[in-house]
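Reader: I am new to reading protein structures and would like to go through one with you. May I ask short questions as we go?
Author: Certainly; please begin wherever you like.

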Amino acid sequence: MHIARWICGLVLICLSVSALAGPFVVAEEQRPQSLAPYLRILVDEQGSLGLQDVTAADSQRRWRASEIQGTNFGFSSATYWVAVTLQNPTADPVGLILRQDYPLIDQLDFWQPAADGSWSLTATGDRRNFHSRPLNLRDFVFPITLPAHTTQTYYLRYQTAGSMNIGLTVSSETAFLPQLGKEQILLGIYYGGFLVLVIYNLFLFMAVRDRAYAYYMGYAISYGLYFGVHNGVSFQYLWPGNPWLANQSLLILLGFTLIFGIQFVRTVCSGPQLAPRTDRVARWLLYLLFPLTAISPFVSYGPMILSLAILTLVLSMLFMVMGVISLLRGSVPARYFLVGWGALLISVVIYMLKTFGLVPHNSFTHNAFQVGALVEMVLLSLALGARVGEIQRHGITDQLTGLFNRRYFDEQLPREFTLATRNNTPLALLVLDLDHFKAINDRLGHARGDAALCAVGQLVRKQVRKPVLACRYGGEEFAILLPRTTPGQAVIVAERLVKLVAELKLDKMPLTVSIGVATFQHGNYASAIQLFEAADAALYRAKQAGRNRLELAPSSPDPVVSAPSVESAG
């Protein structure tokens, strides 16, 4: 019983292979159709066979149906012959278009039978002049006419130093033109998206002068031009008479893409600071890429593109590791980077599997890389925006305590004073100073002094919520703005801070704080400067009265406010 099942299975397999390798029956209005199941393939390891050799009767046994070997062979030095048989059952000749949709084939020869029984040869490929193509299109397109009630076989010879991807489709002339129009529109949108991203980030670079934007633009421009070569667009429009440049530019642009990509990722993920070991590996790979890119135009294409493909995979994994480490260590831009790079990494893996012949060549595996790249570019642009936010926060934040800095306080005090005046609401200001801070630095060292400032900064951050604004004003002095806060409420906040600072336990390092409190209400102060001077004078009185306490400024300013500096009070 089992033997019978095996025999039936083998018969079915043989029948299916025979059917798949049979002729493809075309329709009068043939829509684009992949010919992969209908191809027969002959592998010429030496590259020495001609058309007569492969069509001879004794060579027929060497042909194999494409379903057995597939149409994607990765990197191979062999020459591949392809035979496809088309059948026209209608009473009229049918104009057809045979299309090879992967343009990076060095030499592609196409034979079609002529009316007199001979063979007509079209020799093209991206190692030959662009005008050798029957139609001036980025892909290899061969127009043919299939006579009525006939069955004809066509032969193609593929030879390339890169990845061997055979992607043949057939369509009628009337169905091909609309499809071509749609593809042109999509390509325009695709490259337009790259251009918009570059211009947008150029303006941002001119505004913020952050080198991450320069690396991003170099990365995006190199990537966009790389895909132009990859899609055959550059060969069609930029250098149709220079096959050498059409091939070598792919290597150069891929090298530049990786170089700018390394620098961009290291910068946006803060690699040297947050992931130093991974960053060191990326830096050594960067040093390797410089000579590889420089020599790429002058060495054999096959080994070079293979080396760069492997480096692309390695760097993709490395960047993901760097992004994860940076995210775990608090980098906000790393969130957007990881999402964008994850999308690209998936598409890169798919494309590389296709490049090495591990998955079939089709529209999805061929275009996934490009779609993933554009999605990645958009998300990396968001990562740059997050980086700008971090830069801005660093510009207004004191790095030691995590509070806002004096520059931000000087901007916000007049603004809050104006709002309080306009809305007729109270505004309280607390000015704090650590007691005997100079003695702490002199006796225990500046490191212990910094620890004390950090502890007070963390305490203040825990005690205040928006719209309260806490700043490190300078040295050991802090300022806290409390919008819509009455004198009584401000005194309660100040008393709590005095108590909590005195209760801090910092390895036998006693800390106390003096606070001056001033409140603006009912127009009692004419300007923000007067309010600050009143709080500063109250702070000085707290120091004079014995420290570790608060003093409330009078409800209206003194005619003359003259207080020694807090620094001299200690």
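Reader: Is Ala 528 buried or exposed?
Author: This is a predicted model. In it, Ala 528 has a relative accessibility of 9% and therefore counts as buried, the cut-off for that label being under 20%.

Reader: Which element is Ala 528 found in, and what does Ala 528 touch?
Author: Ala 528 is part of helix 17. Leaving aside residues up to four places away in sequence, Ala 528 touches Leu 413, Pro 414 and Phe 417. The C-alpha atoms of Ala 528 and Thr 418 are 8.3 Å apart in space, although 110 residues separate the two in sequence.

Reader: How do helix 13 and helix 17 cross?
Author: The axis of helix 13 (residues 406-423) and that of helix 17 (residues 528-544) come within 9 Å, with a crossing angle of roughly 110°. The two helices are therefore roughly perpendicular to each other.

Reader: Which residues make that contact?
Author: Helix 13 contributes Phe 409, Leu 413, Pro 414 and Phe 417, while helix 17 contributes Ala 528, Leu 531 and Phe 532. By type, these residues divide into 7 nonpolar, no polar and no charged.

Reader: I would like to move on to the sheets. In what order do the strands of the mixed sheet come?
Author: That open sheet has 5 strands in the order 15-16-14-17-18, and the pairing is mixed. Strand 15 (469-474) and strand 18 (550-552) are the edge strands, each pairing on one side only. From one strand to the next, the twist averages 20°.

Reader: How do strand 17 and strand 18 pair?
Author: Strand 17 (residues 513-520) pairs with strand 18 in the parallel sense, over 3 bridges. Gly 516 stands opposite Glu 551 of strand 18. Helix 17 comes back here, as it packs on the sheet and touches strand 14 (427-434), strand 15, strand 16 (477-483), strand 17 and strand 18. The direction of helix 17 makes about 145° with that of strand 17.

Reader: What is the order of strands in the antiparallel sheet of 4 strands?
Author: The order is 2-13-7-10, and this sheet is open as well. Strand 2 (33-34) and strand 10 stand at its edges with a single partner strand each, so one side of each has no neighbour in the sheet.

Reader: How many bridges join strand 7 to strand 10?
Author: There are 7 bridges between strand 7 (residues 94-100) and strand 10, and the two run antiparallel. Among the bridge partners, Ile 97 is matched with Pro 143 in strand 10.

Reader: And what pairs with strand 11?
Author: Strand 6 (residues 79-88) pairs with strand 11 (residues 150-159) in the antiparallel sense over 9 bridges, and Asn 88 stands opposite Thr 150 there. Strand 8 (residues 107-113) also pairs with strand 11 in the antiparallel sense, over 5 bridges. In that pairing, Asp 109 stands opposite Arg 157.

Reader: Now a loop, please. Where does Arg 138 lie, and is Arg 138 buried or exposed?
Author: Arg 138 lies in the loop between strand 9 (119-124) and strand 10 (140-146). Its relative accessibility is 14%, so Arg 138 counts as buried. Residues that Arg 138 touches include Arg 99, Phe 130, Glu 183 and Asn 231.

Reader: What span should helix 9 have?
Author: Helix 9 (residues 276-295) has 20 residues, so at 1.5 Å a residue a span of 28 Å is expected; the end C-alpha atoms are 29 Å apart, which agrees. Its buried residues include Asp 279, Leu 285 and Leu 289. Among the elements covering the buried residues of helix 9 are helix 7 (243-268), helix 8 (271-274) and helix 10 (301-328).

Reader: How far does helix 10 reach, and what follows it?
Author: Helix 10 has 28 residues and reaches 41 Å from first to last C-alpha, close to the 40 Å expected. Gly 330 follows helix 10 and has a positive phi, near 100°.

Reader: Which residues does Ser 326 touch?
Author: Ser 326, which lies in helix 10, touches Cys 269, Leu 274, Ser 331 and Ala 334, not counting residues up to four places away in sequence. With a relative accessible area of 0%, Ser 326 is buried.

Note on methods: Residues numbered from 1 in each chain as written. Predicted model: local features only at pLDDT ≥ 70, side-chain atom pairs only at ≥ 80, totals over all residues. Heavy atoms only, no water. Buried < 20%, exposed > 50% of the residue type's maximum accessible area, 1.4 Å probe, protein only. Contact = heavy atoms within 4.5 Å. Axes fitted to C-alpha atoms, helices over the stretch in contact; angles between N-to-C directions. Parallel < 35°, antiparallel > 145°, perpendicular 65-115°, else oblique. Nonpolar A, V, L, I, M, F, W, Y, C, P; charged D, E, K, R; others polar. Pairing = 2+ DSSP bridges. Expected span 1.5 Å × (residues − 1).
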